[in-house]
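Subject: Structure for your review

Dear colleague,

Please find below the structure that I am handing over to you. My notes on what was found in it follow directly after.

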Amino acid sequence: MASPYERAIKVKAEDLPGATLQEKVLLIRRVAKVTAGGKRLRFNALVVVGDGRGHVGIGLGKAEAVPDAVRKGQTIARNNLIRVPLDGSTIPHEVTAKFDASRVLLRPAAPGTGVVAGATVRAIVEAAGIRDILTKAMGSTNPINLAKACMDALASLCDPAAELAKREAVKKAAGVAS
C-alpha cells in the first residue's frame, strides 16, 4: 500500500510563484558492494527542498560520486514537492506516522516555542516553513526512514476549513436524500 506521501498531490517547482527553493543535504552515505575484484564504492545523498511557505519534498540520490548523488537528490526532491497545510506558524493538528521501524509524532505548539526536533525532522519542518512545533522520533532513528516518516506525517495533515466544508457538503447531501 502506498504511503500518504506517495499518494499526496505533487506540486511542480515551476508552479510556485516567486518561490526560492532552499536545499539542504541531510545525509551523505558511502555504500560498498563487494565483488570478486574488490569493493565498488557508491554514494547516497538525502536532500530536502522547501520554499519555507508550506511546500517541501525529499529526494534520495544515488551515484558513484558525491556531487552527482546530491544533484540527483535535488532533482528527485523538486519533483516530489507537496503542500503542507499551516495554521499560522505551526501545524493544524497532531499527527503520527510510521515508515518501516521509524515513527514520528508532530504536535502543534504555541507561537514562540520554536522547532523542538532532531536534526532530520528539524531540517524538513523548517524547509516547509513551520516555525513552532513539538516532535518526537520513536523507534529507529535511521535518517532515511525518519525523513520518509516525517513526510508521511506532513502529507497526512488536513486543512481544518477544507475538512469542515467537505463534512458540511456530505451532511447537506444526506439531509436532501432523507
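**Pockets**

The largest pocket encloses about 260 Å³ of space. Please bear in mind throughout that this is a predicted model. Thirteen residues, written as 13 in the record of the search, line the largest pocket, and those nearest its centre are Ile9, Arg83, Pro85, Ala155 and Leu157. At least two lining residues come from each of α1 (4-7), β5 and α4 (143-155). By character, the lining of the largest pocket consists of 9 nonpolar, 1 polar and 3 charged residues.The second largest pocket has a volume of about 190 Å³. It is lined by 13 residues, and Tyr5, Glu6, Ile58, Asn80 and Lys148 are the closest to its centre. Here α1, β4 and α4 each contribute at least two residues to the lining, and β4 gives the most, with 3 residues. The lining of the second largest pocket divides into 6 nonpolar, 3 polar and 4 charged residues.

**Salt bridges**

How many salt bridges does a search of the whole structure find? The search finds 8. Three of these pairs are described below.

In one pair, the side chains of Glu64 and Arg42 meet, with a distance of 3.7 Å from N to O. Glu64 lies in the loop between β4 (55-63) and α2 (66-79), whereas Arg42 belongs to strand β3 (residues 38-50), so this salt bridge ties together parts that are 22 residues apart in sequence. Glu64 counts as exposed because its relative accessibility is 51%, and the cut-off for that class is over 50%. Arg42, with a relative accessible area of 29%, is partly exposed.

Another salt bridge joins Glu94 to Arg107, where the closest N and O atoms are 2.9 Å apart. This pair also links distant parts of the chain: Glu94 is in the loop between β5 (81-83) and β6 (95-99), Arg107 is in strand β7 (residues 102-108), and the two are 13 residues apart. Glu94 is partly exposed, at a relative accessible area of 41%. Arg107 is likewise partly exposed, at 37% relative accessibility.

A further salt bridge is formed by Arg167 and Glu163, whose closest N and O atoms are 3.8 Å apart. Both residues are in helix α5 (residues 160-177), and being 4 residues apart there, they are separated by about one helical turn. Why can residues with such a spacing point the same way? An α-helix has 3.6 residues a turn, so residues three or four places apart point the same way. Arg167 is exposed, with a relative accessible area of 54%, while Glu163 is partly exposed, at 23%. Elsewhere, salt bridges that share partners connect Arg40, Arg42 and Glu64 in one network.

**The open sheet and helix α3**

An open sheet is formed by 4 strands in the order β6-β7-β9-β8, with mixed pairing. β6 and β8 (115-116) stand at the edges and have a single partner strand each, so one side of each is left without a neighbour in the sheet. Strand β8 runs parallel to strand β9 (residues 133-139), and 2 bridges join them. Within this part of the sheet, Val116 stands opposite Leu134 in β9.

Is helix α3 (residues 119-128) mostly buried or exposed? Of its 10 residues, 7 are buried, so the helix is largely enclosed by the rest of the structure. The buried residues of α3 are Thr120, Val121, Ala123, Ile124, Val125, Ala127 and Ala128. Just after α3, Gly129 takes a positive phi of about 95°.

**Thr20**

Finally, a note on one loop residue. Thr20 is found between β1 (10-11) and β2 (22-35). Thr20 is exposed, because its relative accessible area is 58%. Which residues is Thr20 in contact with, leaving aside its neighbours within four places in sequence? They are Gly50 and Asp51. Thr20 and Ala153 are 133 residues apart in sequence, and their C-alpha atoms are 24 Å apart in space.

Yours sincerely

Terms used
Residues are numbered from 1 along each chain as its sequence is written. This is a predicted model: local features need pLDDT of at least 70, side-chain atom pairs count only at pLDDT 80 or more; totals for chains, interfaces and linings use all residues. Side-chain values use heavy atoms; hydrogens and water are left out. Buried means under 20% relative accessible area, exposed over 50%, partly exposed in between (1.4 Å probe, protein chains only). Contact means heavy atoms within 4.5 Å. A salt bridge is a side-chain nitrogen of Lys or Arg within 4 Å of a carboxyl oxygen of Asp or Glu. Two strands pair if DSSP finds at least two bridges between them. On a 1 Å grid over the protein atoms alone, a cavity is a set of points where a 1.4 Å probe fits but cannot get out, and a pocket is an open set with protein on both sides within 12 Å along at least five of seven lines; lining residues have an atom within 4 Å of a point. Grid points are joined across faces, edges and corners, and a volume is the space filled by probe spheres set on the points. Ala, Val, Leu, Ile, Met, Phe, Trp, Tyr, Cys and Pro count as nonpolar, Asp, Glu, Lys and Arg as charged, and the others, Gly among them, as polar.
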